[in-house]
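Trainee: I should like to understand how each term applied to this structure is justified. Please set the values against the definitions as we proceed.

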Amino acid sequence: MAVKYTVPRGTQDILPKDSYKWEYMEMVFRKVAKSYGYQEINTPVFEQTEVFERSAGDSTDIVQKEMYRFQDKKGRNFALRPEGTAPVIRSYIENNLGSEGHITKLFYIEAMFRYDRPQSGRSRQFSQFGCECIGTNHPYYDAENITVFWTYLKTLGLKNFVVEINSIGCSECSETYNTALKDYFKKFIFLPNNEISDLVCPDCQTRYDKNPKRLLDCKIPKCKEISKEAPSMLDYLDDKCKTHFSEVQKYLDILKVPYVINPKIVRGLDYYTQTAFEFINYNLGSQNALGGGGRYDGLIKQMGGKDTPAVGFAGGFSRLLLSLINENSFQGDCPRPKYYIVCANDSSANDENVSSKLTKALELLIFLRNKGIYAEFDIEKISLKAQLKNANRLKAHHVIIIGEEELAKNYLTLKNMNTGEQTTLDFDKIDEL
RNA sequence: GUGGCUGUAGUUCAAUGGCAGAGCAACGGAUUGUGGUUCCGUAUGUUGCGGGUUCAAAUCCCGUCAGCCACCCCA
């Protein structure tokens with residue numbers, strides 16, 4: 001069978017058999033986010049390239065390798081959005097959203113694009129949910145932001161996940177720590193004669209210069225062994241950051257969100273400060289982060305706004321769905337007809353009766369649909385058997401049978417497809433349906 | 001971006017280099033006013049695509065596309 005066109009690599013169609021699952025996950029997210037006072041924002045799928053370059057950081061992989069870039073007819077540079085925070089902040093500044101109160105809470109559900117090798121849980125177009133709480137540096141809001149994510153996963157019924165938190169400090173602490181880390185790793189990267197050693201993997205040798213904190217979560221056994229003895233970020237926090245971090249923990253305890261402290265958590269984007277957190281499902285394979293986030297107190301100023309602190313998270317729907325299906329926790333219902341209408345025509349039926357039954361069926365169908373009830377009828381299926389079989393295939397809750405008997409006495413036969421039980425209902429009382 | 005595995009009916013998977021097959025699903029019947037269970041029957045193919053080797057290729061080789069796994073990175 002020749003399929004002429006296919007979806008672009010790393011993208012997918014969401015087909016009817018799955019689309020209701022996505023709809024359900026989005027519905028629950030909107031509900032949870034709104035209960036915490038977040039309001040929905042939608043930004044364009046593309047932005048000026050600089051929006052991402054300035055925020056995420058020039059050296060990050062997202063900016064360096066993964067952005068879909070293009071020019072429009074006037075030669076302006078744009079990029080498909082690879083992450084959600086920068087556009088939201090761009091909009092926050094542009095529309096002066098901060099003027100409406102000292103805290104602004106925004107949530108979004110949007111498609112993101114990154115050019116990367118596809119794998120289970122990683123595609124080139126993917127859908128993210130996120131919450132940004134802008135305008136306060138109070139540690140309670142770090143905890144509250146984490147709680148939104150946690151509540152969302154709990155509401156969906158997800159069981160296998162952990163919340164890991166860390167503080168990567170303000171830019172000053174981070175600087176001091178990087179120096180300490182490089183000091184420690186120096187003797188493993190370089191031999192006494194200053195040549196490159198092979199005590200750590202080649203990737204870690206690049207990390208040493210590019211992003212020293214990444215040295216901590218290398219998966220190569222020999223590197224893991226070395227990083228065990230490495231200094232911990234938490235020992236390099238100044239008093240302000242230390243207090244902030246312990247306050248976040250205090251509020252998480254009060255809000256009853258279980259968490260573990262993982263001093264090795266690193267964020268992939270440059271704008272993060274202090275609190276960093278990840279939601280991880282260890283059953284998920286190598287792409288195991290359901291989402292992550294943290295505080296980014298410097299970003300808004302850096303992007304040209306007033307100096308405004310903020311905290312936020314983003315998560316991926318496809319990994320979430322994989323997790324829910326894996327552990328059999330998905331709770332949404334697939335759409336099922338509440339009523340399936342069947343016309344029964346036996347050999348005794350004359351043409352006139354066949355026609356009045358059809359009229360009755362269609363009247364009933366439109367009556368139910370006008371009330372917003374999902375009702376089905378198949379005008380092309382003739383035999384009673386075929387119609388019932390179809391009702392069963394669609395998992396209809398009830399079947400309404402209109403046959404000779406019903407036509408003559410002006411009532412309907414109502415069949416419960418679960419129990420097989422049948423009752424009758426006067427045609428004049430269809431309001432009761 | 002690096003390394004590896006895989007690609008056959010709607011789907012899950014078979015087939016020593018020698019006639020492309022089975023389960024499930026679909027459809028029809030057994031059962032003319034009753035679906036799900038059972039039994040019987042019917043239909044189903046550019047073996048991802050393009051080249052090569054061979055008397056002969058789903059099978060071997062090369063290329064390509066796609067998916068998966070790990071790395072990388074991250075949602």
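Trainee: How far does helix α12 reach from its first C-alpha to its last, and what reach is expected?
Mentor: This is a predicted model, in which local features need pLDDT of at least 70 and side-chain atom pairs count only at pLDDT 80 or more, whereas totals for chains, interfaces and linings use all residues. Residues are numbered from 1 along each chain as its sequence is written, with chains lettered from A and ligands numbered from 1 in the order in which they are written. Helix α12 (residues 351-370) has 20 residues and reaches 29 Å, close to the 28 Å expected at 1.5 Å a residue. The expected span is 1.5 Å times one less than the number of residues.

Trainee: What makes a run of residues a helix or a strand?
Mentor: Both are DSSP runs numbered from the N terminus: a helix is H or I with at least four residues, and a strand is E with at least two. Counted in this way, chain A has 14 helices and 16 strands.

Trainee: Which residues of α12 are buried, and how is it known where they lie around the axis?
Mentor: Lys 357, Leu 364 and Leu 368 are buried, a term that requires 20 or more other C-beta atoms within 10 Å of the residue's own; 12 or fewer make a residue exposed, anything in between makes it partly exposed, and C-beta atoms are placed from the backbone. The three cover an arc of only 35 degrees, which puts them on the same side of α12; the arc is that of the directions from the helix axis to the C-beta atoms. The other side of α12 carries exposed residues, among them Asp 351, Glu 352, Thr 359 and Ile 366.

Trainee: What do the buried residues of α12 pack against?
Mentor: They pack against β12 (339-343), β13 (375-376), β14 (398-402) and α14 (404-409). The test is contact, meaning that the C-beta atoms of two residues, placed from the backbone, lie within 7 Å.

Trainee: Why is Ile 430 given its exposure class?
Mentor: Ile 430 has 15 other C-beta atoms within 10 Å, and is therefore partly exposed. This residue is in the segment after β16 (422-426), and touches Leu 364 and Phe 367, not counting residues up to four places away in sequence.

Trainee: How do you know whether the buried residues of α9 line one face or are scattered around the helix?
Mentor: The buried residues of α9 (residues 239-254) are Cys 241, His 244, Phe 245, Val 248 and Leu 252. Seen down the axis they fall within an arc of 95 degrees, so they line one face. The face turned away from them carries the exposed residues Asp 239, Thr 243, Ser 246, Asp 253 and Ile 254. What covers the buried residues includes α5, β7 (162-167), α6 (171-189) and β9 (273-280).

Trainee: What makes α11 count as mostly covered?
Mentor: Of its 10 residues, 7 are buried, including Phe 317, Arg 319 and Leu 324. Those buried residues pack against α1 (16-35), β6, α5 (139-156), β10 and β11.

Trainee: What is noteworthy about phi in Asn 328?
Mentor: Its phi is positive, near 60 degrees, in a residue other than glycine. Most residues other than glycine have a negative phi. Asn 328 is in the loop between α11 and β12, and counts as exposed because it has 8 C-beta neighbours inside 10 Å. Asn 96 also has a positive phi, of about 50 degrees.

Trainee: Which residues come nearest to RNA strand B?
Mentor: Of the 56 residues around the strand, Ser 120, Gly 268, Ser 286, Asp 346 and Gly 403 come nearest; a residue is near a molecule or strand if its C-beta atom, placed from the backbone, lies within 6 Å of it. Helix α13 gives the most to this surface, with 7 residues.

Trainee: How do the residues of that surface divide by type?
Mentor: They divide into 14 nonpolar, 22 polar and 20 charged. Ala, Val, Leu, Ile, Met, Phe, Trp, Tyr, Cys and Pro count as nonpolar, Asp, Glu, Lys and Arg as charged, and the others, Gly among them, as polar.

Trainee: How does the radius of gyration of chain A stand against that of a compact globule?
Mentor: Chain A has 29 Å, whereas a compact globule of 433 residues would have a value near 22 Å. The radius is taken over C-alpha atoms, and the globule rule is 2.2 Å times the number of residues to the power 0.38. Along its principal axes the C-alpha trace spans about 100 × 55 × 50 Å.
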